[in-house]
Amino acid sequence: MNDASPAPPKSAVKPIISFRNIVKKFGSMVAVDNVSLDIEPGEFFALLGPSGCGKTTLLRMLAGLEVPTEGEILIDGQDMRTIPANKRPVNMVFQSYAVFPHMSVADNVAYGLKIDRVPEPERKTRVQEALDLVQLGHLAARMPDQLSGGQRQRVALARALVKRPKVLLLDEPLSALDAKLREAMRFELSQLQQKVGITFIMVTHDQDEALAIASRIAVMNKGSIAQLGTPSDLYEFPASRFVADFIGSVNMFEGTLVRDEPDEAVVDCPELAPHAVHLPHAVPGKVNTPVWVAIRPEKITLHKDSGTPPTPAECPAGHNIAKGVIREISYLGDTSIFHIDTGKGNLIRVSRPNRSRWDQDSFDWKEQVWVSWAGSSPVVLLS
Amino acid sequence: MAARESTESRLAFWATALPPLLWVAVFFLIPLGVIWAYSFGENLGLTGVSISGTFANYARAFEPLYLQIFAKSVFVAGVTTLLCLIIGFPVALAIVFASERWRPWLLLLVMLPFWTNLLIRTYALIAVLRTEGYVNYGLAWIWESASWLKTLVGLEPLAPYEPLQLLYNNFAVVFGLVYVHLPFMVLPLYAALDRLDRSLMEASLDLGAGHLRTLFSIVVPLALPGIISGVIITFVPALGAYLTPDLLGGPDSQMIANVIERQFKKANDWPFGAALSFLLMYATFIAIALRAYLSRGKAADAHGI
């Protein structure tokens, strides 16, 4: 695990979930490789990563549907080793929702309460409350095959929340919904979490979803946690090329660290020569060793070629610039993405907001342009 | 052009469909029609049958003697089906939850008996169940070992082993029928359980249900179409079983098929045999219609999704 990210705040609060040195093997395949992680009460936590990174396995171990090969899991301080899935104080919303097709909406929600032998009057009230919470109160008598995908998901949510779990687990909760509904449900999920006040843990492969909803994210790769932090930590201060690349889009330049002082660092990148990358602060890494420079497309500015090169902020003249030709323009409505060919390798991606209705016409295909970025914009990565 | 193509394809259709259709007509439908006609006939002398349109054969079939045998057949087939369900459900469940590598082999084990002749399988059962059979050998060995152990600690030895009478009774018939029909039950159950979304069972566990509760509240109701299929597919051939009661049963274990056989052979009463055959077939139709009726709602549900 790479620890370049800021350490999670060590508060006095007892974690609601603790993974301690969790290893999970399926045969010879290592799905989860020595993960330790604390999640605090009230967090909306996201496990983010590409498919096969071990995030779902981690969630299923928490629910008791998989058994860790090594390590221990604590829920509210209690060791879960001997506690089976049906006795754990967590409930799960499955990716397929797993709404029981032979039971009405109300019976689905009441199922867990019947098992807990909650007496009839209280059960009815709680089922109705849970359905109202997800705005399905009027559909209590419906059968699942009469519901839309979004409504079925709400049934799954109500069915899990009615049990008043200490932690709600969500496995790819929005992946089966269409794009518009997904946006709306993101907002609703965070509203719901604030309303009920319990810890939510969500597994997702969708970085936008994680950034939009979660208060803290663990990015996973190949069974380990690549980086742990708030959404802006991960986006602005990625710890590795994997995280920088997985979250958002990024321009990555390979280079050599040639100067590293407390108030100045310089990286020579062959793709940007003769101009160097200049940062107004020290960076990790040793002088004369290879490093990578990552710059987000929206932090690069596009300039018309007026003969004189632009001078970006926070760096001496002649640094943090490149000259090239516009190879491609993707007009996305709110922004346009420009691909600039410097003639030395990869295209540089620049994103530019279309602030006025005629902005998209200000640059043209095959136009000679300069790009520049402020000294504080790039991130230097060692791995 | 299109017209010629359609003529050609029609020709191809009839060229391939006609031989099997003729086969079915000549060797199945026509004989069936003959038997149907016989069931309204009377014996004339030793070999002749006159088709007089009488219902006497059907009336005779409803005499207490035959009704009793018919009821007994239904009972034996019912017990067989129930036992197949009780044994087959866990087997099907185990195959569904077996690892990918084992599943085809387990299914093969279930289907393997299909590839052996029924007669040979039944004789093999006789070798297992008879008084000098493997079951009695095994029991005798245990009995004698126990007897020897008793003498070791200074107690009186047990009385000599009396072999169990396992063959030529109703037990043997049910045992044989369960053995023969188990695959008919396991395969539809396996198909139904395999289709079941695993996350439904996981959701049930997650909501606090134990394994038994999950089985009866989630798995069984959702596998019901497969259970009904299995029950009908097992019950129908068990009801018409002939070889098993004939070879394994005693004098009181006759089933309806044995009576029918006797009418056509020893009793030489083809019209009555034909009437009994058709009554058995109607009973089968009712069972199949019942299944169609019971699974109708399910099919509509499936289309709704």
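Modeller: Before we start, buried here means under 20% relative accessible area. Also, this is a predicted model.

Biologist: Fine. Are A:Phe44 and A:Phe200 buried or exposed?

Modeller: Buried, both A:Phe44 and A:Phe200.

Biologist: How many aromatic pairs are there over all chains?

Modeller: A search of the whole structure gives 18. One of them is A:Phe44 with A:Phe200, with ring centres 5.3 Å apart and planes at 55 degrees.

Biologist: Why is that pair tilted?

Modeller: Planes under 30 degrees apart would be stacked and over 60 edge-to-face. The planes of A:Phe44 and A:Phe200 are at 55 degrees, so the pair counts as tilted.

Biologist: Which strands do A:Phe44 and A:Phe200 sit in?

Modeller: A:Phe44 is in strand E3 (residues 44–48) of chain A, and A:Phe200 is in strand E8 (residues 199–204) of chain A. The two are 156 residues apart, and the pair links distant parts of the chain.

Biologist: What about ring clusters in chain B?

Modeller: B:Trp36, B:Phe40, B:Phe55 and B:Tyr58 are linked into a cluster by ring pairs.

Biologist: And charges over rings. What lies over the face of A:Trp292?

Modeller: A:Arg241, at 3.7 Å from the ring centre. There is also A:Lys304, whose charged end sits over the ring of A:Phe363, 4.9 Å from its centre.

Biologist: Switching to cores. How many residues has the largest nonpolar core?

Modeller: It has 47 residues, and A:Leu157, A:Leu168, A:Leu170 and A:Val219 have the most contacts inside it. Helix H4 (residues 149–161) of chain A gives the most to this core, six residues.

Biologist: What is A:Leu170 in contact with, leaving aside neighbours within four places in sequence?

Modeller: Its contacts include A:Phe44 and A:Phe200, the two rings from before. A:Leu59, A:Val93, A:Leu157 and A:Leu189 are also among them, as are A:Ile201, A:Met202 and A:Val203.

Biologist: What other core is there?

Modeller: A core of 45 residues lies apart from that one. Among its residues are A:Ile16, A:Ile73 and A:Val90, along with B:Leu207 from chain B.

Biologist: Give me chain A overall. How many helices and strands?

Modeller: Eight helices and 20 strands. The C-alpha trace of chain A spans about 80 × 50 × 40 Å along its principal axes. Of the 383 residues in chain A, 51% are buried. Counting contacts in chain A between residues at least 6 apart in sequence, 66% join residues at least 24 apart.

Biologist: Odd backbone angles next. What is phi of A:Ala98 near?

Modeller: It is near 50 degrees, which is positive in a residue other than glycine. Most residues other than glycine have a negative phi. A:Ala98 is in the loop between strand E6 (90–93) and helix H2 (105–115) of chain A, and its relative accessible area is 3%, so A:Ala98 is buried.

Biologist: And B:Tyr168, where is that?

Modeller: B:Tyr168 is in the loop between helix H6 (134–152) and helix H7 (170–195) of chain B. Its phi is positive too, near 60 degrees. At a relative accessible area of 45%, B:Tyr168 is partly exposed.

Biologist: How many disulfides over all chains?

Modeller: Zero. As for individual cysteines, A:Cys269 is buried at a relative accessible area of 2%, and B:Cys84 is buried at 0%.

Biologist: Last one. What domains does the assignment give chain B?

Modeller: Domain 1 is 56–118 + 166–304, and domain 2 is 131–165. Their C-alpha centres lie 37 Å apart.

Conventions. Residues are numbered from 1 along each chain as its sequence is written. Chains are lettered from A and ligands numbered from 1 in the order in which they are written. This is a predicted model: local features need pLDDT of at least 70, side-chain atom pairs count only at pLDDT 80 or more; totals for chains, interfaces and linings use all residues. Side-chain values use heavy atoms; hydrogens and water are left out. Domain bounds come from an automatic or database domain assignment. A disulfide is a pair of cysteine sulfur atoms within 2.5 Å. Buried means under 20% relative accessible area, exposed over 50%, partly exposed in between (1.4 Å probe, protein chains only). Rings of Phe, Tyr and Trp (its six-membered ring) pair if their centres lie within 6.5 Å; planes under 30 degrees apart count as stacked, over 60 as edge-to-face and the rest as tilted. Helices (H or I, at least four residues) and strands (E, at least two) are DSSP runs, numbered from the N terminus. A charge sits over a ring if NZ of Lys or CZ of Arg is within 6 Å of the ring centre and within 35 degrees of the ring normal. A nonpolar core is a set of buried Ala, Val, Leu, Ile, Met, Phe, Trp, Tyr and Cys residues joined through side-chain atoms within 4.5 Å. Contact means heavy atoms within 4.5 Å.
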